[in-house]
Every structure is written in C-alpha cells, then in structure tokens.
Amino acid sequence: QVQLVESGGGLVQPGGSLRLSCAASGGVFSIYNMAWYRRAPGKERELVAHISRGSSTTYADSVKGRFTISRDNAKNTVYLQMNSLRPEDTAVYYCNVHSTTIWGQGTQVTVSS
C-alpha cells in the first residue's frame, strides 16, 4: 500500500517562497508519474504540476516560471519549489501518484501579508 506524506506548507508573505515535499512509502517510487494538485477555498481542485518517471515536467499556466517540480528517487520524494508566491496561490496542496486514487493528506499554503 503506497502512502504519501506532504510537508513544508505554511504562511508566507506575497513574493516569498516555500518548498513542499512529498515522501512516498510502500511502493516502487521510481516508476510512478507524480503530481501536485491544489484546492483553493470555493474552487475546484486543479493540477499544478506533473513530473513523469523520466523527469519530464508540465505546469499549469498560472504557475509557469514560478514553480518547479522535481523528484529524488533515492529519497522517494517529490518536491514543489514555489517562488514569487501570490495570494491566489493560497490553497491546500496535495501530492498524488498521477492518474491513481493515491493521495497525501494535504498541506496548507497561505500567502498573505
């Protein structure tokens, strides 16, 4: 049974940075395509970034040039580096084994002055 645990969320001022981590256990991490999603209050969940098992990446238009997804297969971990944060980035961020029902518990990111 694969389990995902996110960390790294918090409160940050506009223009600041955070790095989210998602640690996987119970599976063969290196073969998974991984993704970060977010759900803002009153909005639908949206795909933020995706990284394939070969480390190809894609991003939502709203975060291109500001967010970077990466993975470390030796540590069974996927990261989301978030720079130039905006209030509209406020959401609960979730890690996902892409195209599966395997989700982490989520980590809150709040961007506010």
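**Exercise 1. Locate S99 and describe its backbone and its exposure.**

Step 1. S99 belongs to the loop that runs between β9 and β10 (107-111). Strands here are DSSP runs of E with at least two residues, while helices are runs of H or I with at least four residues, and both are numbered from the N terminus.

Step 2. The phi angle of S99 is positive, about 65°, although this residue is not a glycine. Most residues other than glycine have a negative phi.

Step 3. The relative accessibility of S99 is 67%, so S99 counts as exposed. The classes are buried (under 20% relative accessible area), exposed (over 50%) and partly exposed (in between), with a 1.4 Å probe and protein chains only.

The model is predicted: local features need pLDDT of at least 70, side-chain atom pairs count only at pLDDT 80 or more, and totals for chains, interfaces and linings use all residues. Residues are numbered from 1 along each chain as its sequence is written, and side-chain values use heavy atoms, with hydrogens and water left out.

**Exercise 2. Carry out the analysis of Exercise 1 for N76.**

Step 1. N76 sits in the loop between β7 (67-72) and β8.

Step 2. N76, which is not a glycine, has a positive phi of about 55°.

Step 3. With a relative accessibility of 27%, N76 is classed as partly exposed.

**Exercise 3. Determine the secondary structure content and the overall dimensions of the protein chain.**

Step 1. The protein chain contains 0 helices and 10 strands. Its pattern along the sequence is accordingly written β-β-β-β-β-β-β-β-β-β.

Step 2. Along the principal axes, the C-alpha atoms fill a box of roughly 40 × 25 × 25 Å.

Step 3. For 113 residues, a compact globule would have a radius of gyration near 13 Å, and the 13 Å of the protein chain agrees with this. The radius is taken over C-alpha atoms, and the globule rule is 2.2 Å times the number of residues to the power 0.38.

Step 4. Of the 113 residues, 42% count as buried.

Step 5. Among contacts between residues at least 6 apart in sequence, 53% join residues at least 24 apart. A contact requires heavy atoms within 4.5 Å.

**Exercise 4. Characterise the surface and the charged side chains of the protein chain.**

Step 1. The protein chain exposes about 5900 Å², of which carbon and sulfur atoms supply 46%. Accessible areas come from the Shrake-Rupley method with a 1.4 Å probe; for residues, only the protein chains shown count as cover.

Step 2. There are 11 positive and 7 negative side chains. Lys and Arg count as positive and Asp and Glu as negative, whereas His and the chain ends are not counted.

Step 3. The centres of the two sets lie 4 Å apart. Each charge is placed at NZ of Lys, CZ of Arg, CG of Asp or CD of Glu.

**Exercise 5. Identify the disulfide and state which parts of the chain it ties together.**

Step 1. The count comes to 1 disulfide, a disulfide being a pair of cysteine sulfur atoms within 2.5 Å.

Step 2. The partners are C22 and C95, whose sulfur atoms are 2.1 Å apart. Because C22 lies in strand β3 (residues 18-25) and C95 in strand β9 (residues 91-97), the pair ties together parts that are 73 residues apart in sequence.

Step 3. The torsion about the S-S bond of C22 and C95 is about -80°, so this disulfide is left-handed.

Step 4. C22 is buried, its relative accessible area being 0%. C95 is likewise counted as buried, at 0% relative accessibility.

**Exercise 6. Describe the surroundings of Y79, T58 and G15.**

Step 1. Y79 is part of strand β8 (residues 77-82) and is buried at 12% relative accessibility. Leaving aside residues up to four places away in sequence, Y79 touches R19, L20, S21, W36, T68, I69, S70 and D72. The C-alpha atoms of Y79 and V97, 18 residues apart along the chain, are separated by 13 Å.

Step 2. T58 is placed in strand β6 (residues 57-59) and is partly exposed, at 46% relative accessible area. Apart from residues up to four places away in sequence, T58 touches V48, A49 and H50. T58 and T68 are 10 residues apart in sequence, and their C-alpha atoms are 9.4 Å apart in space.

Step 3. G15 occupies the loop between β2 (10-12) and β3 and is exposed, with a relative accessible area of 53%. Not counting residues up to four places away in sequence, G15 touches S84 and L85. From C-alpha to C-alpha, G15 and G54 are 31 Å apart in space, with their positions 39 residues apart in sequence.
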